[in-house]
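Grab your viewer and a coffee. Below are some exercises to work through with the coordinates open, each with a solution you can follow step by step.

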Amino acid sequence: MKLSYQPFDLLLKHTFNISGHSRVSTPLMLVQLEHEGVIGYGEASMVPYLGENINTAVDFLSKVKIAKFKLPFDFAAIVAYLDSIAPGNTAIKAAIDIALHDLHGKLTNTPCWQLMQSKPALMPPTSFTIGIDTPDEMRAKALEARNFKIIKVKLGGEDDKERITAIRSVTNVPLYVDVNQGWTDRNFALEMIWWLFAQGVILLEQPLPKHDVDGNAWITSQSPIPIIGDEAVQRLPDVEKAVDVYHGINVKLMKSGGMFEAKQMIDKARQCGLKVLIGCMSESSCATLAAASLAPQCDWADIDGPFLTTNNPYAMPAFANGKYLLSDNAGLGLSLY
Ligand code: MG
């Protein structure tokens, strides 16, 4: 196998604001793995607050001696090898893992969703995310989300109630809310959650800072809607720690280090009685299709990356009635222009 890579600046349709951060583009590293003329595609999306960037990615990739693996089939060994190079770096590890799965699928003429043991008929609808903005702007963005069955709203600032009211003035679709650790007072948080419940919010991510385990557990024990741990849950060992703290976990390939461990996290969550949301960072069609191949095993999906960006280097994935349509093509089913 031969590894090659190329940085790419993924431009966002709108300045993206969440609790504590704001940005207009996201650096990607596009990765290719080639075996006898067949190419597998992968991608790292390096959101600034997780500590990876183009330099860390290039540094990590320069240490990867992928040629020691003749074929991309032994994922456990390859993932262990990547972890042995350096801790962290989960986005660039995910890029290699996704490329390996795409290549594996192409070499065995198998779609990635089949490698992941997913049933396409169980695909959940995916939400469309609206970043924190003025109530007027958020109302306008809710109108843009007409093709989606669910809207995900970023909250955690002042005027949260006005924001929801503005969105509710133009749509009745179910809402997810993501606070991104933006609340600090558990009583305030629970009061807000009951109010949001009455507004048709059906899921809420990371209400309090991830280190406030007691506070998050207290909210989960009293919340009328499922509370999902996102920032608190990165990789496989974090899944068990989420039991009794959250109702469910948000699995993202850029946190888990790719599809192999994401599948393990989903299976582990099921064993532990946790619900699963599959999420994303700002991603092109490549990482989105990788996540979509696992989405049928999850309760909810929030993999809207290609709809929030303007220069996706690949063709848009097939999408209808608010859901991705998984193709029977080998690998990810990624179409190049
Ligand atoms: Mg989140």
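The exercises start with the domains and then move on to strands and salt bridges. Keep in mind that this is a predicted model.

**Exercise 1. Find the two domains and work out how far apart their centres are.**

Solution.
- Step 1: Split the chain by the domain assignment, which puts 2–109 in domain 1 and 114–324 in domain 2.
- Step 2: Take the centre of each domain over C-alpha atoms; the two centres are separated by 22 Å.

**Exercise 2. Describe the interface between domain 1 and domain 2: how many residues are in contact, and what area is buried?**

Solution.
- Step 1: Count the residues in contact: 37 from domain 1 meet 37 from domain 2.
- Step 2: Get the buried area. The size of an interface is often quoted as the accessible area lost when the parts come together. For domain 1 and domain 2 that comes to about 3000 Å², and carbon and sulfur atoms give 62% of it.
- Step 3: Look for polar links. There are 15 residue pairs in polar contact between the two domains, counting pairs with both residues at pLDDT 80 or more.
- Step 4: Ask which elements of domain 1 do the touching. Those giving two or more residues are strands S1 (2–18), S2 (21–35) and S3 (38–45), plus helices H2 (75–85) and H3 (90–107). S1 has the largest share, with eleven residues.
- Step 5: Sort that side of domain 1 by residue type, and you get 19 nonpolar, eleven polar and seven charged.

**Exercise 3. Which residues make the salt bridge across the domain interface?**

Solution.
- Step 1: Apply the cut-off, a side-chain nitrogen of Lys or Arg within 4 Å of a carboxyl oxygen of Asp or Glu. Across the interface, one salt bridge turns up.
- Step 2: Identify the partners: Arg 235 and Asp 83, whose closest N and O atoms are 2.9 Å apart.
- Step 3: Run the search over the whole structure, and the count is 19 salt bridges. One of them pairs Lys 2 with Glu 34, at 3.6 Å between the closest N and O atoms. Lys 2 sits in S1 and Glu 34 in S2, so to speak a long-range link, with their positions 32 residues apart in the numbering.

**Exercise 4. Trace how S1, S2 and S3 are paired.**

Solution.
- Step 1: Start with S1 and S2, which run antiparallel and are joined by 13 bridges. As a landmark, Asp 9 stands opposite Pro 27 in S2.
- Step 2: Go on to S2 and S3, also antiparallel, with eight bridges. Here His 35 stands opposite Val 38 in S3.
- Step 3: Check the turn. S2 and S3 make a hairpin with two residues between them, and Glu 36 in that turn has a positive phi of about 50°.

**Exercise 5. Why do S4 and S11 each have one side without a neighbour in the sheet?**

Solution.
- Step 1: Lay out the open sheet: eight strands with parallel pairing, in the order S4-S5-S6-S7-S8-S9-S10-S11.
- Step 2: Look at the edges. S4 (127–130) and S11 (300–301) stand there with a single partner strand each, so one side of each has no neighbour in the sheet.
- Step 3: Inspect one edge. S10 (275–278) pairs with S11 in the parallel sense over two bridges, and Leu 277 stands opposite Trp 300 in S11.

Technical notes: Residues are numbered from 1 along each chain as its sequence is written. This is a predicted model: local features need pLDDT of at least 70, side-chain atom pairs count only at pLDDT 80 or more; totals for chains, interfaces and linings use all residues. Side-chain values use heavy atoms; hydrogens and water are left out. Domain bounds come from an automatic or database domain assignment. Contact means heavy atoms within 4.5 Å. Buried area is the accessible area (1.4 Å probe) that two parts lose on being put together, summed over both. A polar contact is a pair of N or O atoms within 3.5 Å; within protein, one must be able to donate a hydrogen and the other to accept it, and residues adjacent in sequence count only if both atoms are side-chain atoms. Helices (H or I, at least four residues) and strands (E, at least two) are DSSP runs, numbered from the N terminus. Ala, Val, Leu, Ile, Met, Phe, Trp, Tyr, Cys and Pro count as nonpolar, Asp, Glu, Lys and Arg as charged, and the others, Gly among them, as polar. Two strands pair if DSSP finds at least two bridges between them.
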